[in-house]
Amino acid sequence: MEDIFQITIILFFSMLATLLSKKLKIPEVVGQMLIGIILAPSVLGLINGGHTIEVMSEIGVILLMFLAGLESDLEVLKKNLKPSILVALSGVIIPITIFGIVAFYSGRSISTSLFYGIVFAATSVSITVKVLQEYGYLSTKAGNIILGAAVVDDILAILILSVFKSFKNGEGNLIVQFSMEIVFLFFVHKFIPKVWKFINKLPIYAKNTTSALIICLGLSLLADKVGMSAVIGSFFAGIAISQTEVSEIIEEYVSAIGYVIFIPIFFVSIAISISFDVLFEHPFIVILFTLLAILTKFLPAYYSGKACNLQKSESLLIGTGMVSRGEMSLIVAQIGLSGAIINKNIYSELVIVIILTTLLAPFLIKMVIKKDSARNI
């Protein structure tokens with residue numbers, strides 16, 4: 001009954017955190033993590049993890065990545081291909097390079113320093129999308145470029161993470177591993193939409209959602225089996241299924257399954273492993289990495305926009321729109337901890353910086369939008 005008690009506590013307080021987050025106008029993911037910190041052993045001690053929570057959390061991250069792939073709009077990417085790719089590439093290369101150098105000269109090992117870069121190369125635009133929708137900027141050219149760049153950014157970050165994890169664990173040649181991932185993506189993208197012609201003929205209740213979950217979990221297992229990260233399988237499954245006619249129905253039902261139970265458990269469980277000693281022992285490092293996290297996304301995206309002859313206001317919006325890390329970086333950090341790539345202290349440092357940048361990102365976007373609106377009055 002202990003596990004059931006923990007699940008009940010997590011779900012109740014996650015719902016409470018969502019309500020408070022909306023009232024305080026902060027990202028819901030941050031609210032759920034803060035609740036996790038309060039419930040964790042270091043504060044109230046109401047949750048302490050365990051095998052059941054760990055498994056449900058793992059399913060949560062797989063479903064979260066599946067939904068990220070499912071929500072990826074490849075048509076938006078195609079319409080703004082050049083600026084989107086330029087924004088994404090610069091926003092991946094610059095953080096990996098800068099964080100790698102700074103972390104190394106701060107006393108981290110080479111592999112840990114590279115992992116810092118990979119964590120902050122990821123972008124989460126779910127929070128950005130909500131702010132852009134609120135102000136009517138989502139359908140603008142800048143909004144579409146942000147969405148397109150996010151698709152490329154996510155794919156690159158997941159690919160690089162999977163290659164890094166395999167290389168770190170000594171599981172294969174770097175070029176072979178990367179090539180395997182490209183083949184995996186191509187196969188999934190081409191094969192899954194064709195499978196749906198058969199699925200549509202099945203006389204089964206909720207056949208689309210059930211089939212989608214089987215494919216999501218099955219590809220996660222396959223990806224893990226061949227040396228890749230499990231999330232790369234679910235992410236690519238989501239991208240492939242997004243090309244089918246039933247993608248919206250699947251997204252609706254999988255979101256209900258994921259966000260009602262598994263995903264809140266994932267976000268809350270992230271906090272169980274956080275140690276706040278690092279915040280008091282190395283406050284300047286946390287501040288430095290937070291500033292770097294903002295600048296290494298904002299500046300590349302801004303200048304990429306300028307290079308594509310976009311207006312200054314559009315470039316500023318793209319720059320601030322790519323700053324948020326949110327769930328994508330949290331997933332990467334969690335994989336690093338569970339895969340013994342980083343230790344608990346490094347993980348705590350990363351999560352604290354991710355929380356800070358996720359909190360700051362909406363305010364930066366709103367500042368740019370309000371300035372642009374004032375100019376147009």
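**View A. Asparagine 309, just after helix 14.** Helix 14 is followed by asparagine 309, which has a positive phi, near 65°. The model is predicted, with local features needing pLDDT of at least 70 and side-chain atom pairs pLDDT 80 or more, while totals for chains, interfaces and linings use all residues. Residues are numbered from 1 along each chain as its sequence is written, and side-chain values use heavy atoms, with hydrogens and water left out. Helix 14 itself (residues 283-307; helices are DSSP runs of H or I, at least four residues, numbered from the N terminus) has 25 residues and reaches 36 Å from first C-alpha to last. That's close to the expected 36 Å (1.5 Å times one less than the number of residues).

**View B. Helix 5 against helix 6.** Helix 5 (residues 81-105) and helix 6 (residues 110-121) pack at about 145°, axes 7 Å apart (axes are lines fitted to C-alpha atoms over the stretch in contact, and angles run from 0 to 180 degrees between N-to-C directions). Helix 5 brings residues including Gly91, Pro95 and Phe99 to the contact, and helix 6 residues including Ser113, Gly117 and Phe120 (contact: heavy atoms within 4.5 Å). The tally is twelve nonpolar, four polar and no charged (Ala, Val, Leu, Ile, Met, Phe, Trp, Tyr, Cys and Pro are nonpolar; Asp, Glu, Lys and Arg charged; the others, Gly among them, polar).

**View C. Lining of the second largest pocket.** Helix 3 gives the most to this lining, six residues. Helix 10 (207-225) and helix 16 (326-338) are among those supplying at least two each. By type, the lining divides into eleven nonpolar, ten polar and four charged residues.
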